[in-house]
Amino acid sequence: TSPTSNNDPSKPEEAFRFTYEGVALVPGAAFDPSVLPDADSIFTVPSCAIEGTDNVYSYPVLELTAYNDGSGEVIYSIYLTDADTPTEEGLYVGDDLARVTELYGADYTQNGSELTYTKGSTSLNLIINNDTVVSIEYRMVV
C-alpha cells in the first residue's frame, strides 16, 4: 500500500465532516453548490482564508463558507445554525461538556470559551457557555 497524507479530506478517518442532504461536506474539500438544494441565500464577504472574498451559502440548518482557490470553490467552514441538527457523532447545541468529551474525548485545545478538536486539516470548534455547547462549527485548518 502507498502512504497517505494525514491531511487528505477524502479520507473519513482523517477529517471532520458533516453530511447534509446526503452530501458529505468536508472543510478543505472542493465544493460544488449544484449538488445541494438551492441555498436560501448566498452572499459575498471578505475572506478569512485567502486574499479576496468568500461565498456564504445559507441553508435551513447550516451556513457554508467557501472560497475560490483558482480552480473552483473550496469549503472553508460549516456552521450549524439549527439546534436540532446534530454532528455526525451525535452532538447537539445544548449538550453539556460531559457529552462533548464522551463523544470526542479530552484531546482538545481551549481558547477562552472555544474548544477545538483537530483531525487532519480540519477542526471542530465548539463554543461552551456555562458547561453547555452554544455553537458548533467545522473549519479548515489554515
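The following paragraphs describe a predicted model, beginning with its sheet and moving to its core, its aromatic groups and two individual residues.

The sheet comprises 8 strands, is open, and follows the order E3-E4-E5-E6-E10-E9-E8-E7 with antiparallel pairing. At its edges stand E3 and strand E7 (109–111), each of which pairs on one side only. From one strand to the next, the twist averages 20°. Helix H1 packs on this sheet, where it touches strand E8 (114–119), E9 and E10, and its direction makes about 10° with that of E8.

Several pairings within the sheet can be followed strand by strand. E4 and E5 run antiparallel and are joined by 5 bridges, and a hairpin of 3 residues connects them. Across this pairing, Val-56 stands opposite Thr-65 in E5. On its pairing with E6, E5 is again antiparallel, here over 7 bridges, and Leu-64 has Ile-78 in E6 as its bridge partner. The hairpin of E5 and E6 has 4 residues between the strands, and Gly-70 in this hairpin takes a positive phi near 105°. Further along the sheet, strand E9 (residues 122–129) pairs with strand E10 (residues 132–140) in the antiparallel sense over 8 bridges. Within E10, Val-133 is the bridge partner of Ile-128.

E5 also leads into the interior, for the strand is mostly covered, with 5 of its 7 residues buried. The largest nonpolar core has 27 residues, and those that touch the most other members are Leu-25, Phe-31, Leu-62, Leu-64, Ile-78 and Val-100. Two or more residues of this core come from each of strand E1 (18–20), E2, strand E5 (62–68), E6, H1, E8, E9 and E10. Thus Leu-64 and Ile-78, which are bridge partners, are also both among the core residues with the most contacts to other members. The surroundings of Leu-62 can be given in detail: leaving aside neighbours within four places in sequence, Leu-62 is in contact with Phe-18, Tyr-20, Leu-25, Tyr-57, Ile-78, Tyr-79, Leu-80 and Thr-81.

Aromatic side chains form a further set of contacts, with a count of 6 aromatic pairs. One of these pairs is formed by Phe-31 and Tyr-57, whose arrangement is edge-to-face, with 5.2 Å centre to centre and 70° between the planes. Phe-31 lies in the loop between strand E2 (23–25) and strand E3 (41–46), and Tyr-57 in strand E4 (residues 53–58), so the pair ties together parts that are 26 residues apart in sequence. Phe-31 and Tyr-57 are both buried. Elsewhere, one aromatic cluster is formed by Phe-16, Tyr-104, Tyr-108 and Tyr-117. Over the ring of Phe-16 sits the charged end of Lys-119, 4.8 Å from the ring centre.

Two individual residues complete the account. Thr-85 is located in the loop between strand E6 (73–80) and helix H1 (97–104). Because its relative accessibility is 12%, Thr-85 counts as buried, the limit being under 20%. Not counting residues up to four places away in sequence, Thr-85 touches Phe-18, Val-61, Leu-80, Leu-91 and Tyr-92. Ala-98, by contrast, is found in helix H1 and is partly exposed, with a relative accessible area of 49%. From C-alpha to C-alpha, Ala-98 and Thr-132 are 9.2 Å apart in space, while in sequence they are 34 residues apart.

Terms used. Residues numbered from 1 in each chain as written. Predicted model: local features only at pLDDT ≥ 70, side-chain atom pairs only at ≥ 80, totals over all residues. Heavy atoms only, no water. Buried < 20%, exposed > 50% of the residue type's maximum accessible area, 1.4 Å probe, protein only. Contact = heavy atoms within 4.5 Å. Phe/Tyr/Trp six-rings, centres within 6.5 Å; stacked < 30°, edge-to-face > 60°. Lys NZ or Arg CZ within 6 Å of the ring centre and 35° of its normal. Pairing = 2+ DSSP bridges. Axes fitted to C-alpha atoms, helices over the stretch in contact; angles between N-to-C directions. Core = buried A, V, L, I, M, F, W, Y, C linked by side-chain atoms within 4.5 Å.
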